[in-house]
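Trainee: Could we go through this structure together? I would like to learn how each label is earned.
Mentor: Happily. Let us put it up and start where the chains meet.

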Amino acid sequence: MAPALRQIEIPYLRRRGWLSLLPALTVALFLLPVLAGVIGTLLPALGFLPGLGERTFSLRPLRELLAAPELPGAVIATLVSGLLATLLAFLSAVGLAASLQGTRLFVWLGRLTVPLLAMPHAALALGFAFLIAPSGWLVRLAVALLGGGAPPDLPVPGDRLGLTLAAGLWLKETPFLLLAVFAGMNQLPVARFLDIARSLGYGPATAWLKVILPILYGQLRLPIYAVLAFSLSVVDMALILGPTTPPTLATLLLGWFDDPSLAKLLPAAAGGMLQLFLAVAAILLWRLAELGFARAAGPWLAGGRRGHRGGAGRRWGAAAALLLLFLASASMLALGLWSLARRWPFPAPLPIVWGLGNWQGAGPDLARALTTSLLLASTATAIAVVLSLGCLENERRHGLHPSARALWLIYLPLLIPQISFMFGTTTLLAWLGLEASLPALIWSHLLFVLPYVFLMLADPYRALDERYRRTGLCLGAGESRVFFAVTLPMLLRPILLAAAVGFSVSIALYLPTLFAGAGRYTTLATEAVAANAGADRRLAGVYGFLQAALPLAGFAIALLLPRLVFRHRRGLLMARGRP
Amino acid sequence: MSMPLREGLTLAGVALRLGGRRLLGPLDLQVPPGEVVTLMGASGSGKSSLLAFICGTLDPAFAAEGRVLLDGIDLAPLPPERRRVGILFQDDLLFPHLSVGGNLAFALPPGLERSERRERVAAALAESGLAGLEGRDPATLSGGQRARVALLRMLLSEPRALLLDEPFGGLDEQLRHRFRDLVFRRAAERRLPALLVTHDRADAAAASGKIVTVDEDFSNDHKE
C-alpha cells in the first residue's frame, strides 16, 4: 500500500456521550433554583412582589421587620442557641476524638455515629423534650428513686435564650461533626503520625491536638459552617425545644409567611434576608476566630509542651461520649414508651396502662403521612444516587479532578438557611405551574438529599482501585459492562450507606416539605411537629417514633444486605475500611 | 475477514509526558510473537504508565505520542476493550464480588452458550491443576492459586499480546519461580508477544529475551 493512501488514524478518545451532560444537569437541578430562591426572597424583601401587586422597590419591609416588637428577643435566642450549639458540637467532636482515639469506646462511637446521625431532627427534639421536661422521664425516674412530689417549675423546654434548643442541637450536630472527623482521619496515616509524636514524648491527647487536628481542620471547615448555618435557622427543633415568646427568628418568620392575611409576607421576606445575613456573619466570625487561633497556635505547636498521659482527659471524654449515647438512645426510648402509653400520669416512672390505641387512633392520617414520607424519601434518594454515580463515573472516565471550589458548590444548599430561599423557590415553582405538586416536593427534597449522597459516595468511589476497572476493560468488557458488573457490585456497601443517609435526610426534612407542598402534603416530620403543638404526647410519640425508626431500618438494610449478598465473598466484606 | 499477520507488538517513537516533563521515551521496540521483552527502570520512570498507554487506559493527565501496533494494526483508535491486550498486575485483582468461576466467565467472549461457558471455565481450571474450584470465593484461595486464576482469566479473554506489570513481585521465592515459568510457557505456547516490566534482575534473566532499560540513571543507581 502506498504510504499516501494510509488511513489517518484518529487517536481513541472516549465519546463524550450523555454522561458528560450529567454534572451540568445536576448543577442546574439544584444550584440554580437555590440562587433563584434567594433572589425570589430578596425582591419581596425590597418591596417587589407582583403577585401581591407590589411593584415599587422600597425599604418598607425592612423597616416593618425592624419595628416588630418580637425581633430583638428572636435574634438573641437565635444567636445564643445557634452559636452555642455549634461551639459545643465542635468542641465535643474534637475533644472526643483527641481524648478517646485508640480506645475501644472510640471504635464503638465510630460505628454509632451514622445511626445517631440518622435520628431525624423532629423525633430527636421530641424525645429529648420528653426526657428533660419538668414532668419528663428523667424527673420521673429521679422521683421514683429519691422521692419528691410536684414537677419542678422550670421553663424547659422553651427557655427564653434557647438553651434547651442549643442542647438539642448539640445532640444532633455532634455526630455529624464526629463523622466528618472520622472521614478525615481515614484519609490520614493517623496511627503512624501519632506513634511518632508519642515516641517524641507527647501525651496521646496532646499528640492528637498538635499533629492530627491542624491537618484535619481544613476538611472540617465546610461541615462546621453547615452546622453553623443550620443551627441558626432550624425550625422544627426550635418549634419543639425553642422559646415561644418570642420564638427564634426562623420560627417567627415561618409564622409570618403562613399568616393568612398575607400582610406579613414582605417583612417575612426581609427577615429571610436578615437570617441569611446572620448565617454569613456567623461564618465570617468563625473564620476570623480560625485565623486568630491559627496565629496563636504557632507558638503552642512549637512550644514543646508534651501534655499529660491523658488519664483525666480520657475519663472526661468517656463520660461525654456516654452522655451523648445515653441521651440519644433514651430519647428514642421515651418516644417508644409514649407511643405505647395509654395512661402515664406524673410521677409514674413507666406508663401504668399500655396499649396500641395511640397507633390505631392515628390510623389513616398516620398511613397517609407514612406513605408520603416513604414515597418522597425513596424517589429523591434514588434520583440522588443515580445523579451522583453518573457525575462520579463521568469524572473518572475523563480523568477530571474536581477542585475545592466544586465542594463549596455541593455544600451551598446546606450553607444557605432554608427560610432564606424556600419562599423564593416556591414562587418559582408556582410560576412553573408546579406549586404544591408531588414533583415539586420530590425536587425540594432532592435539593438536600443530593449533597449528602454525593459526599458519602465520593470518597469510596474515588478510592476504588482503578486497576480493577482497567483489568475489566483489558478483558474485553466495555465501559458500561465494567460499570455495572465491576464498579457497582464492588461499591454496593457504600452505595447503600449513601442511600440510607439520603433516605434519612429526606425523612427528617420539615421546612422544604411545608413550603414546596404548600401545606397540602403531610409527612411524618410535619405531623410529629403538629402533634407536639397540639400538646398530645402520645400522638407525638407515635409520629416521632416512626420517624426515627424508618432511617434506622434503612441503615439496618444498608448494613445487612451486603453481608447477605456477599456472605461467601470474604475479600469484599474485609475490604471495607471505613466506619 | 482476513487473518491479521502475527507480527507481534511494535512501539514506534512512544514518549510519555506528565505536566510538560518528559517521563519516558521516545521508545522504539519490537516484541516478536512468543517472545518476552523486559523493560527495566526505577519506580517512577513511567513503566506502568507505558503499559496503561498500550492498554488504552492512560490517565488523561498524561500526554503521549508515538504509535503502538499490534499485529500491524494501530491501537490508537480502538477503545481498551477492543485492543485485545491482556495485562497482569502485581496484585491478582480478582473481582472480590465474583466466584472463581465468575471471574473466569467474565473474561470469556460473549455469545457462547451457557453450557459452553461452563465447560471452557472448567477446562481452563483443570488444565492448571485447579479443577473444581469454580464455586470458591477468591479470598479463600492461596496466593499461588489466586495468581494462577488471574493468569487464566486473562488468557480466556483471548488476548493477542501480554503486558506484565511486575506480576511476580507479590509472591514468595518458590511460588515466584513456578508462576513465572508458567506465564512465560503460556505466552510461548500461544505465540503471544509479552512485554514485562520489572526492577528485578532475576525476572529479567528468566524472561530470556531482550532487556531494555528505560531510565538512564538506572544502571548507576543499582551498582552497589
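**How the labels are earned**

Mentor: In this predicted model, the rule finds 1 salt bridge across the interface of chain A and chain B.

Trainee: Which side chains form that salt bridge, and what makes the pair count as one?
Mentor: The partners are R467(A) and D91(B), with 2.6 Å from N to O. The cut-off is 4 Å between a side-chain nitrogen of Lys or Arg and a carboxyl oxygen of Asp or Glu. An Arg nitrogen and an Asp oxygen at 2.6 Å fall within that limit, so the pair is called a salt bridge.

Trainee: Which elements of chain A give two or more residues to the side that touches chain B?
Mentor: They are helix 18 (466–474), helix 19 (479–490) and helix 24 (570–575) of chain A. Helix 18 supplies the largest share, 7 residues. By class, this side of chain A has 14 nonpolar, 9 polar and 10 charged residues.

Trainee: How many residues are in contact between the two chains, and what area is buried?
Mentor: On chain A 33 residues are in contact with 35 residues of chain B. The buried area is about 3,000 Å², and carbon and sulfur atoms give 61% of that area. The rule also finds 8 residue pairs in polar contact across the interface, with both residues at pLDDT 80 or more.

Trainee: How many salt bridges are there over all chains?
Mentor: The count comes to 26. One of the pairs is R396(A) with E466(A), at 3.0 Å from N to O. R396(A) lies in helix 14 (residues 357–397) and E466(A) in helix 18 of chain A, so this pair ties together parts that are 70 residues apart in sequence.

Trainee: Why is the largest space in the protein called a cavity, and what would make a space a pocket?
Mentor: A cavity is a space where a 1.4 Å probe fits but cannot get out, whereas a pocket is open. The search of the whole structure finds 4 cavities of 30 Å³ or more, and the largest has a volume of about 540 Å³.

Trainee: Which residues lie nearest the centre of the largest cavity?
Mentor: H121(A), F230(A), Q418(A), Y452(A) and L509(A) do, out of a lining of 34 residues. Helix 9 of chain A gives the most to this lining, with 5 residues. Other helices of chain A that each supply at least two residues include helix 4 (104–118), helix 7 (163–186) and helix 17 (438–463).

Trainee: What is the make-up of that lining by class?
Mentor: The lining divides into 27 nonpolar, 4 polar and 3 charged residues.

Trainee: Which peptide bonds are cis, for instance the one ending at P157(A)?
Mentor: The bond from V156(A) to P157(A) is cis, with omega near -5°, and P157(A) sits in the loop between helix 6 (137–146) and helix 7 of chain A. The bond from T245(A) to P246(A) is cis too, also with omega near -5°. P246(A) is in the loop between helix 10 (236–241) and helix 11 (249–258) of chain A.

Trainee: What makes A535(A) worth a look?
Mentor: Phi of A535(A) is near 60°, a positive value in a residue other than glycine. Most residues other than glycine have a negative phi. A535(A) lies in the loop between helix 22 (524–533) and helix 23 (537–565) of chain A.

How values were computed:
Residues are numbered from 1 along each chain as its sequence is written. Chains are lettered from A and ligands numbered from 1 in the order in which they are written. Side-chain values use heavy atoms; hydrogens and water are left out. On a 1 Å grid over the protein atoms alone, a cavity is a set of points where a 1.4 Å probe fits but cannot get out, and a pocket is an open set with protein on both sides within 12 Å along at least five of seven lines; lining residues have an atom within 4 Å of a point. Grid points are joined across faces, edges and corners, and a volume is the space filled by probe spheres set on the points. Helices (H or I, at least four residues) and strands (E, at least two) are DSSP runs, numbered from the N terminus. Ala, Val, Leu, Ile, Met, Phe, Trp, Tyr, Cys and Pro count as nonpolar, Asp, Glu, Lys and Arg as charged, and the others, Gly among them, as polar. Contact means heavy atoms within 4.5 Å. Buried area is the accessible area (1.4 Å probe) that two parts lose on being put together, summed over both. A polar contact is a pair of N or O atoms within 3.5 Å; within protein, one must be able to donate a hydrogen and the other to accept it, and residues adjacent in sequence count only if both atoms are side-chain atoms.
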